Amino acid sequence: MCTYDTICKNLNRILKIVAAKNIRIVAVTKYFDKNAIESAYRAGLRDFGESRALEAIEKINKLDDEIRQKSTYHFIGHLQTNKVKHVVGFFDYIHSVDSLKVAKEIAKCAAEKGIVQKILIQVNVADEKSKFGIAPLQLDSLIKEISGLSSVQIEGLMSMAPLTEDKTELGKIFSQMRELKEKYRLKELSMGMSNDYQIAVEQGATIVRLGRILFKNS
């Protein structure tokens, strides 16, 4: 069970690394209950990431009004078209858009709700078959196609790095993502998790997605 004291201790250690670079920390709470979100909120966190739409919505709706209304929610899991209607408007950011089909469904649902949905495009730089995301060579055409849709705003890019301890490989992958962000003049770059966030920050991440390193005793 994670506690407020544990989160505060972990967060203070992380902030020493990322605060100077103005990094947004998304607390990944998909494996934790609403009590963990409440503790993280009291510790100063305001961004929360979930990957299972219906479970996340049920959990978040049980939060106190202040926490629910003053927090920002990020959908970071793979998004199927049949779940889009639940995610749009409930989550402030959708990090995992990797096809025009999903983007069109997001635009449709956002228009019906009278909002503009912020999204990030997921890029699979490492070309891992086990991970979602488009190839870098497909990014140009997808950005152009999505940019033509109303009710959708491309905020940036997202990537999941391979599970490796090879810092050189990770640095190369994150550097490629930064170059893509700069090429398309996008605002956000969501990359870096508990095991590699320091390298991601060094290479230009604007958002890191942290779970275990925030909530578990070290």
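Q: What should the 15 residues of helix 1 span at 1.5 Å a residue, and how far apart are its end C-alpha atoms?
A: Keep in mind that this is a predicted model. Helix 1 runs over residues 4-18, and at 1.5 Å a residue it should span 21 Å. That agrees with the model, where the end C-alpha atoms are 20 Å apart.

Q: Which elements do the buried residues of helix 1 pack against?
A: Start with who is buried there: T6, I7, C8, N10, L11, I14 and V18. These residues have heavy atoms within 4.5 Å of their neighbours. Those neighbours are strand 1 (24-28), helix 2 (34-42), helix 9 (197-202), strand 8 (207-210) and helix 10 (212-215).

Q: Is N22 buried or exposed?
A: N22 sits in the loop between helix 1 and strand 1. Most residues other than glycine have a negative phi, yet the phi of N22 is positive, near 55°. Its relative accessible area is 68%, and the cut-off for exposed is over 50%, so N22 counts as exposed.

Q: Which residue does R24 meet in a salt bridge, and what is the N to O distance?
A: The partner is in a distant part of the chain: R24 belongs to strand 1, while the other residue belongs to strand 2 (residues 47-50), 23 residues away. R24 is partly exposed at 27% relative accessible area, whereas its partner is buried at 9%. The side chain that meets R24 is that of D47, with an N to O distance of 3.5 Å.

Q: About how many helical turns separate K34 and E38?
A: Their side chains meet in a salt bridge, 3.1 Å from N to O. K34 counts as partly exposed at 27% relative accessibility, but E38 is buried at 16%. Both are in helix 2, and being four residues apart they are separated by about one helical turn.

Q: Where do R178 and E182 lie?
A: This pair also forms a salt bridge, with the closest N and O atoms 3.7 Å apart. Both ends are partly exposed: R178 has a relative accessible area of 22%, and E182 has 48%. They are four residues apart, about one turn, and both lie in helix 8.

Q: How far does helix 7 reach from its first C-alpha to its last?
A: Helix 7 has twelve residues, 136-147. At 1.5 Å a residue, the expected value is 16 Å. The model comes close to that, with a reach of 17 Å.

Q: Why are the buried residues of helix 7 on the same side, and what arc do they cover?
A: The residues in question are L139, L142, I143 and I146. Look down the axis and they share one side of helix 7, because the arc they cover is only 105°. On the other side, L137 and K144 are exposed. So the arc that puts the buried set on the same side is 105°.

Q: Which elements are included in what covers the buried residues of helix 7?
A: The buried residues to be covered are L139, L142, I143 and I146. One of the elements over them, strand 5, is itself mostly covered, with five of its six residues buried. The cover includes strand 4 (93-97), helix 6 (100-113), strand 5 (117-122), strand 6 (152-158) and helix 8 (167-183).

Q: What is the bridge partner of Y93 in strand 5?
A: Strand 4 and strand 5 run parallel and are joined by three bridges. With helix 6, these two strands make a right-handed β-α-β unit. For Y93, the partner in strand 5 is K118.

Q: What is the bridge partner of I119 in strand 6?
A: Strand 5 pairs with strand 6 too, and these run parallel with six bridges between them. For I119, the partner in strand 6 is I154.

Q: Is S151 buried or exposed?
A: S151 lies in the loop between helix 7 and strand 6. It is not a glycine, but it has a positive phi of about 70°. Its relative accessible area is 17%, and buried means under 20%, so S151 is buried.

Q: How far apart in space are S150 and Q117, C-alpha to C-alpha?
A: S150 is found in the loop between helix 7 and strand 6, and at 53% relative accessibility it counts as exposed. S150 and Q117 are 33 residues apart in sequence. In space, C-alpha to C-alpha, the separation is 9.5 Å.

Terms used. Residues are numbered from 1 along each chain as its sequence is written. This is a predicted model: local features need pLDDT of at least 70, side-chain atom pairs count only at pLDDT 80 or more; totals for chains, interfaces and linings use all residues. Side-chain values use heavy atoms; hydrogens and water are left out. The expected span of a helix is 1.5 Å times one less than its number of residues. Buried means under 20% relative accessible area, exposed over 50%, partly exposed in between (1.4 Å probe, protein chains only). The arc is that of the directions from the helix axis to the C-beta atoms. Two strands pair if DSSP finds at least two bridges between them. A crossover is right-handed if, with the strands pointing away from the viewer, the path from the first strand over the helix to the second runs clockwise. A salt bridge is a side-chain nitrogen of Lys or Arg within 4 Å of a carboxyl oxygen of Asp or Glu.
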